[in-house]
Amino acid sequence: TRRATELLPEPTGPSMAKRWTMKVPYSKTAPNMDGTGTDKVWDAGATEKEFVHAQRPCKKDPTWATLLRTDKALYLRVVGWGDTNDLKAAKTKKDDAVYMDDGIELCLDPMNTRTDYYWICVNTLGTYVDSLASIGMNINRKWDGEWRRAAKVFADRWVIEIEFPYATFGAPKEGKAWLMGLNRCGPGRYESWTDATVHSPNSFRTLIME
């Protein structure tokens, strides 16, 4: 098995390794942010359906992540498949330990620094953490950004949608790809779209804005 470090993108340019790169399609229309994830606009997005599970006993229900962008924002939809009767959704206060609940945990590095990034967690209630962070897990929870999220639970899945406005996170720059680490979190969940490492810039995926 190849080590994750052997597949890392170069800091100045995107890696072409499949798991570490995603092309983000452009859409003239933004998806309806209602938490259902059913807006047809999402059909134009790029979807990752092969999340990596950590090397430990864990639940292995499918997780799907879809990305697209408009002139004003980047949009993310995550679908966590599985029986939702045993979901953990205990956190209701902003900036609480939301990552302990079922939901998503992500790190976003719009400037491709591999040192500084936004740390965001959202559970299936829509409760969230938004913080500034840097390598070594230095986290500034005082940061509050203008961004939107929506969440909804169904019998066989939950859905979380997020809008990352360029006005908050910075507009994409030519030749400068965004980086994102994305994990499904919750009890018995250890999986991501790269290698299941959370606060590791070397594990962030390169997003190429089309």
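**A strand-rich chain and its five-stranded sheet**

In β11, Glu 161 is the bridge partner of Ala 150. That pair belongs to a ladder of 6 bridges between strand β10 (residues 148-153) and strand β11 (residues 157-165), which run antiparallel. Strands here are DSSP runs of E of at least two residues, helices are runs of H or I of at least four residues, and both are numbered from the N terminus. Two strands count as paired if DSSP finds at least two bridges between them. With just 3 residues between them, β10 and β11 make a hairpin.

A word on the model itself: it is predicted, so local features need pLDDT of at least 70 and side-chain atom pairs count only at pLDDT 80 or more, while totals for chains, interfaces and linings use all residues. Residues are numbered from 1 along each chain as its sequence is written, and side-chain values use heavy atoms, with hydrogens and water left out.

The hairpin sits in an open sheet of 5 strands, ordered β2-β4-β5-β11-β10 and paired antiparallel. β2 (46-48) and β10 stand at the edges with a single partner strand each, so one side of each has no neighbour in the sheet. From one strand to the next, the twist averages 15° (axes are lines fitted to C-alpha atoms, and angles run from 0 to 180 degrees between N-to-C directions). At the β2 edge, 3 bridges tie β2 to strand β4 (residues 63-69), again antiparallel. Thr 47 has Thr 66 of β4 as its bridge partner.

Zooming out, the chain has 1 helix and 14 strands. Its radius of gyration is 16 Å, close to the 17 Å that the globule rule gives for 210 residues, so the chain is as compact as a globular protein of that length. The radius is taken over C-alpha atoms, and the rule is 2.2 Å times the number of residues to the power 0.38. Along the principal axes, the C-alpha atoms fill a box of roughly 45 × 40 × 35 Å. Buried residues make up 52% of the 210 residues; buried means under 20% relative accessible area, exposed over 50%, and partly exposed in between (1.4 Å probe, protein chains only). Of the contacts (heavy atoms within 4.5 Å) with a separation of 6 or more, 63% are between residues 24 or more positions apart.

Inside, the largest nonpolar core holds 30 residues, of which Leu 74, Leu 76, Ile 104 and Phe 164 touch the most other members. Such a core is a set of buried Ala, Val, Leu, Ile, Met, Phe, Trp, Tyr and Cys residues joined through side-chain atoms within 4.5 Å. β11 turns up again here, giving the largest share of this core with 4 residues. Leaving aside residues up to four places away in sequence, Ile 104 touches Leu 76, Val 78, Trp 158, Ile 160 and Ile 162, among others. Apart from this core lies another, of 9 residues, including Val 98, Tyr 117, Trp 119 and Cys 121.

The loops have a few quirks too. Most residues other than glycine have a negative phi. Asp 95, though not a glycine, has a positive phi of about 65°, and Asp 95 lies in the loop between β5 (73-81) and β6 (103-109). Asn 112 has a positive phi as well, near 55°, and its place is in the loop between β6 and β7 (116-123). Asn 112 is buried, with a relative accessible area of 8%. Thr 113 lies in the loop between β6 and β7 and is partly exposed at 33%.
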